Amino acid sequence: MKDFDALTHLQACAVPYRLVRGRVEVCLVTTLKSRRWIFPKGFVEPHESPPAAALKEAWEEAGLMGRIVGERLGTYVRRKPRCELHVSCYLMLVEEVRERWNESHLRRRRWMTIAEAHAQLHHVAHRDLLTLAARLLEMSRTQAG
């Protein structure tokens, strides 16, 4: 049964990637509390679009700059005790990596292969997004080659 007192919040998530010697790497960051590996994500402010929010979160949480590639990758819902988080996720091609960023003193950042990231991601929704992103990136590499 749905809790009608629950608030709904919109969030956006970036799935940052780069190509290194023909191999796809994705970037994960640690959460503030549990220190688990996740993709950068955060709230969509009233004045911004979800893709803009995803780029903002990638910068604030991981020191990454780049651009959104394609349409929305997918969505998922996280239920918390007093709210629901509706998260829109976007594939982000990383064009610049900064050594210092807003939350560099609070989070760890790590580039990983698809397989390494899949093993590190705790949330099923993030693993599913990574699987979808890997398929899309492989298709685009096959079509380009």
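Is cysteine 83 buried or exposed? In this predicted model, cysteine 83 is buried, with a relative accessible area of 15%, and cysteine 27 is likewise buried, at a relative accessible area of 0%. Neither of these two residues forms a disulfide, because the sulfur of cysteine 83 lies 16 Å from the closest cysteine sulfur, in cysteine 89, and the sulfur of cysteine 27 lies 12 Å from its closest counterpart, in cysteine 13, whereas a disulfide requires the sulfur atoms to be within 2.5 Å. The count of disulfides accordingly comes to zero.

With regard to aromatic side chains, a search of the whole structure returned zero aromatic pairs. Charged groups are nevertheless placed over tryptophan rings: the charged end of arginine 18 sits over the ring of tryptophan 111, 3.9 Å from its centre, and arginine 110 lies over the face of tryptophan 37, at 5.8 Å from the ring centre.

The largest pocket has a volume of about 500 Å³, and of the 18 residues in its lining, Thr31, Leu32, Lys41, Lys80 and Arg107 are the closest to its centre. Strand E4 (41-43), helix H1 (50-62) and strand E6 (74-80) each give two or more residues to this lining, which by class comprises nine charged, five polar and four nonpolar residues.

The second largest pocket holds about 160 Å³ of space, and its lining consists of eight nonpolar, two polar and two charged residues. Helix H3 (residues 124-144) provides the largest share of that lining, five residues, and the residues that line the pocket include Tyr17, Val69, Arg72, Leu91 and Met139.

Definitions and conventions:
Residues numbered from 1 in each chain as written. Predicted model: local features only at pLDDT ≥ 70, side-chain atom pairs only at ≥ 80, totals over all residues. Heavy atoms only, no water. Buried < 20%, exposed > 50% of the residue type's maximum accessible area, 1.4 Å probe, protein only. Phe/Tyr/Trp six-rings, centres within 6.5 Å; stacked < 30°, edge-to-face > 60°. Lys NZ or Arg CZ within 6 Å of the ring centre and 35° of its normal. 1 Å grid on protein atoms, 1.4 Å probe; cavity = no way out; pocket = protein on both sides within 12 Å on 5 of 7 lines; lining within 4 Å. Points joined across faces, edges and corners; volume = space filled by probe spheres on them. Helix = DSSP H or I, 4+ residues; strand = E, 2+ residues; numbered from the N terminus. Nonpolar A, V, L, I, M, F, W, Y, C, P; charged D, E, K, R; others polar.
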